[in-house]
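Dear colleague,

Please find below the structure I agreed to pass on to you. My findings follow directly after it.

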Amino acid sequence: MKREPETWKEFLGKKQNRLILLAVCGVFFLLLSWPQGEEASESSGEETVEAAAAASSSEAYVEMLERRLEEILSSMEGVGEVSVMITLASSSEQILQEDEEAEEEISAESDSDSSRSETSSRRSSSTFTDGDDMPYVVKEVMPAIEGVVVTAEGASSATVCREIKEAVQALFDVEAHKIKVLKRES
């Protein structure tokens, strides 16, 4: 029959026992760091995906607007080569498909010698989802344009600057003081 170690010193004195103890501690720490249930990881993952989608959607929107504005402005007479930067007031907003709110109110009153009044109300609404448990987006409202900076080769001419500002105002409904036209270095 094998003799059991009497103290921790004897137990840890053997290399094999130290390796076993180290492996058990490693498994214990792995279990402690494991996420607590699927719900926590799913909700944080969904929020991250939604935030990334909104950011990439806004970035793609800005890039598309900048590219199209550069094309239009560079085709104007006297403008020359153009670079454009557009800033947005906020990020895009997604409007989700929801049931109409159903509100039910029940009132009961008694007018006899003892007055008694009862009121009960109930409210409910729900959000539709597609097959992946993601909410169904009815529409996406793109943010307002906060400001525009244009650098153009022909910006040394006051007429060209005025035409650029007027074009930007017509396209984006941005106030004149939020548009800056600068001369581009050659």
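Ala158 and Ala170 of helix H4 are exposed, on the side of the helix away from its buried residues. This comes from a predicted model, which should be kept in mind throughout.

The buried residues of H4 are Val160, Cys161, Ile164, Ala167, Val168 and Phe172. These residues lie on the same side of H4, because the arc that they cover around the axis is only 130 degrees.

Helix H4 itself comprises 15 residues, from 158 to 172. Its first and last C-alpha atoms are 21 Å apart, close to the 21 Å expected at 1.5 Å a residue. Just after H4, aspartate 173 adopts a positive phi of about 55 degrees.

As for the chain that contains this helix, the protein has four helices and seven strands. Starting at the N terminus, the elements follow the order α-α-α-β-β-β-β-β-β-α-β.

Some totals for the protein chain may also be of use to you:

- Of its 186 residues, 17% are buried.
- Among contacts with a separation of 6 or more, 66% are between residues 24 or more positions apart.
- The exposed area of the chain is about 14,600 Å², of which carbon and sulfur atoms supply 52%.

In summary, H4 has its buried residues, including Ile164 and Val168, on one side of the axis, with the exposed Ala158 and Ala170 on the other.

With kind regards

Conventions: Residues are numbered from 1 along each chain as its sequence is written. This is a predicted model: local features need pLDDT of at least 70, side-chain atom pairs count only at pLDDT 80 or more; totals for chains, interfaces and linings use all residues. Side-chain values use heavy atoms; hydrogens and water are left out. Helices (H or I, at least four residues) and strands (E, at least two) are DSSP runs, numbered from the N terminus. Buried means under 20% relative accessible area, exposed over 50%, partly exposed in between (1.4 Å probe, protein chains only). Contact means heavy atoms within 4.5 Å. Accessible areas come from the Shrake-Rupley method with a 1.4 Å probe; for residues, only the protein chains shown count as cover. The expected span of a helix is 1.5 Å times one less than its number of residues. The arc is that of the directions from the helix axis to the C-beta atoms.
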